[in-house]
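Got your viewer open? Let's take a walk through this one, a stop at a time.

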Amino acid sequence: MESIKDKVAIVGMGCRKFGENWEQSSDDMIIEAVYEAYEDAGVGPNDIQAAWVGTIASGAAGVCLAEPLKLPRIPITRVENFCATGHEALRNAAFAVACGMYDVVLACGFEKLKDTGVGGLGVGRGLHPVLEGRRTGPGTFAFIATRYFYTYGLSREEGKRTIAQIAVKNHHNGSLHPKAHFQREVTLEQVMNAPIIAWPLGLFDCCGTTDGAAAAIITRADLAKKFRDDPIYLKGIGLAANQILPHFEPGFDWTGFEMNRSAARQAYEQAGIKDPRKEMSLAIVHDCFTITELIIYEDLGFSPKGRAKEDVDAGTFTLEGELPINTDGGLKSFGHPIGASGIRMTYEVYKQLQGKAGPRQIKDARLGLSHTLGGPPQVACIAVFGNSPG
Amino acid sequence: MAGIKSYGAYIPYHRLSRSEFAKAWGGIGLPGERAVASADEDSLTMAVEAAFDCTKGMDGAKLDGLFFATTTSPYKEKQCSTIIASVLDMDKEIRTGDFTTSLRSGTTALRAALDAVRAGPAKNIVVTAADCRIGFPYSTQEQSYGDGAASLLVGDSDIIAEVEDCYSVSDELTDVWRRDSDQFVREWEDRWVIMHGYSKNVSQAVSTIMKRNNLSAKDLAKAVIYGPDPRSHGGLMRRLGFDPQTQVQDTFFNAVGNTGSASALMMLVAALEEAKPGDRLIFSSYGDGADAFLLRVTEQIEKVRDRRGAKTHLASKAMLPSYGKYLVARNLVELPPAAGLRGMGSATVMWRTKNWVLSCHASKCRKCGLVTYPPQRVCYGCQSKDEFDEVNLSREQGKLFTYSLDNLAATGINPPVIQSVVEFEGGARFYCMMTDADPQAVEVNMPLEMTFRKIHEFANFHNYFWKCRPPREIPAEGGK
């Protein structure tokens, strides 16, 4: 089995401002994200040889990308893999280029969540009438918080305070990004005292419901410098699908996800990473809820199992910390238009590795990853990028 | 000899003090409290509970029939006893029947079951009766009615109470009724109803049985006789010569309310709970006539003492705080629309999956022993294909592995939804909602049992499924 390391590079990216984009359709957002990527890469629609588009529920088939962009009858495929959908578009595009079939391809992700009339992603999931009749995102991730607090002996107060610090950090980072949905700082007290959505998760423990689109232009690594001086190279990409709904999984501990660990192992192995905490410069991870970010620290090998609280308390993952995480505000503050998120996260890694992250710029950024965790949850994807080959 | 082999009952967890009706409407409430079924309960789910209690420790496959009695069937067209039989994990080669529309339907079903067993070849027939009748808002009936269920197992061996004689009288009068379009029960003037309906018919039934068996009141250990209200019941008992202190079975008017077609059966369950071998009981119900039965309790009664019956269910309770919560529990008010509630309804999906939706089956791998719900064709533990047996989780004990108090999920219903992951002793995990629990008392590792409830109405039929709840038990001394 070969590694994807240094076979493909991203040479252009775009991201439409995330938010409640009442005045924009999916098509409008796609056009803005993709034309920013065109401009960034110095290409136009006729340079794109194939495309992958990710959306969970805002469009159908490849034509949802072909139509707004008027791409001229090229192969376009819609992909969907829960919240890893954006990553899935990137992943398929990267493998198609790596096999030599295409030289220049487009990956785009988008979601229009604010046309439903309700906040959140709704209640009730699954393909059976009664099995998951009232399942919600917050309700499920609250299971992790409850069990994590119980397993590691955190009182309700300690547990709430630990995850609240993650919300404070991500809101701070988001306030420094002009494209984030929420550009406002919050205090620890605000987070702790916010109305409960699904105990123990309060309003500020949950990411927003957001519209957005993001895009990437991908080419062969050996062609990358023809497009720009600072391409970003794909070092590894791992994807893991869980074979049973965690809610019914016998023996599941509800304090972390094996699919996260499996996706991380795949990506780290391809990228040749031995100690992710030391080697990674930054990580943009799937903080759909604050508790999710906490367990991701452990699943991705940044904190020892059961000890993420120590790193949170030490400020390890702040912009100024040892390993900055969610430097753009994360899902929490930047927003989570599902199909767009994997590419939006990669957009921040791309800008940081190019040294173009403005007030959020971290020092000596060399290696970064983006991570999504999707579904009930049942799928995880991790992509590692670097700013130089080798 | 056909007779009663076992008994069971069900009284909803929630009660409402009748003073709350007075608070809402003014005036003076009736004494006592009434049982109020939760919003996820109906007569079918309560009948399931009573039947489970009655058949505790028994294999559903050994039961030959199930009769369901109610005046408040969740369906006008569609049999409910087939659903209940599936939940009890009974075989297909059984007889089922719904006995409806009369207050007397519970004892009508009992008599039909006795006749069926006498005629053979059926040996074990479950009779389960439940009602959740609703009186007009601001009426006496709103206070006097209660929700509940009772069940008897009829058979020809291991009899706990022999049925020595039966008598039925049919009488036509429009005393209490609901047309097919009515939600609330209507009644004609009560003086006439009591005089020419209740007292006359029950007197005739009880007197006839006693006379033809050469019995006088003092020969009977207990008179288990339906009563629509304490005054009418007490008057009739005096006229029949029973001692109110020692011989008259309480109607549960003050603790539960009038449970309609289940009422007489629930009284019988309570009488059997206290009965001694050799006791003779006269048992009678009323509704469009009357049924009466003469029973003799046997030594076998000691073998069914572990049923929850009326006693445990009475003691296991929580008070509803207000009339408003009663309106919500009985679906009498429309809550804000269930914004964002998504889902599908499909008769074919429910039919295809009834072994786990209704019968609560999990798969148990023959190779590695892993128990998984819902059943998995390829084992999650060892990937062996189609190598499993189905095991039933419905009566298994579990504990809470993790939970959430979910306000978002409670859109359109009473918040919060207690999202729960139950872990059974055999290792199976079950994700469901918790019902009939105090959200503030929920904690990891608390013991849980399964309960069959109504989930939603997608596709315009009743979608039933399992929830978990803290076990219904008599609270320890000093408990709340």
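**A walk from ring to ring**

Start by selecting Phe248(A): with a relative accessible area of just 2%, it is buried. Keep in mind as you go that this is a predicted model.

Now add Tyr431(B) to the selection. The two rings make an edge-to-face aromatic pair, 6.3 Å centre to centre with 80° between the planes. Phe248(A) belongs to the loop between E8 and helix H8 (258-271) of chain A, while Tyr431(B) is in strand E20 (residues 429-434) of chain B, so this pair joins two chains. Tyr431(B) is buried too, at 3% relative accessible area.

Next, widen the view. Phe248(A) and Tyr431(B) are part of one aromatic cluster, whose members include Phe143(A), Trp254(A), Trp356(B) and Phe465(B).

Staying in chain B, pick Arg429(B), which lies over the face of Phe401(B), 3.8 Å from the ring centre. Then jump to Arg133(B): its charged end sits over the ring of Tyr145(B), 4.2 Å from the centre.

Back to chain A for Gly236(A), in strand E8 (residues 232-241). Is Gly236(A) buried or exposed? It counts as buried, because its relative accessibility is 0%. Show what surrounds Gly236(A) and you'll find, among others, contacts with Ile4(A), Ala267(A) and Val384(A).

Last stop: how many aromatic pairs are there over all chains? The count comes to 31. One to select is Phe18(A) with Phe334(A): the ring centres are 4.9 Å apart and the planes are at 80°, so the pair is edge-to-face. These partners are 316 residues apart, and the pair links distant parts of the chain.

How values were computed
Residues numbered from 1 in each chain as written. Chains lettered and ligands numbered in written order. Predicted model: local features only at pLDDT ≥ 70, side-chain atom pairs only at ≥ 80, totals over all residues. Heavy atoms only, no water. Helix = DSSP H or I, 4+ residues; strand = E, 2+ residues; numbered from the N terminus. Buried < 20%, exposed > 50% of the residue type's maximum accessible area, 1.4 Å probe, protein only. Contact = heavy atoms within 4.5 Å. Phe/Tyr/Trp six-rings, centres within 6.5 Å; stacked < 30°, edge-to-face > 60°. Lys NZ or Arg CZ within 6 Å of the ring centre and 35° of its normal. Lists of a residue's contacts leave out its neighbours within four places in sequence.
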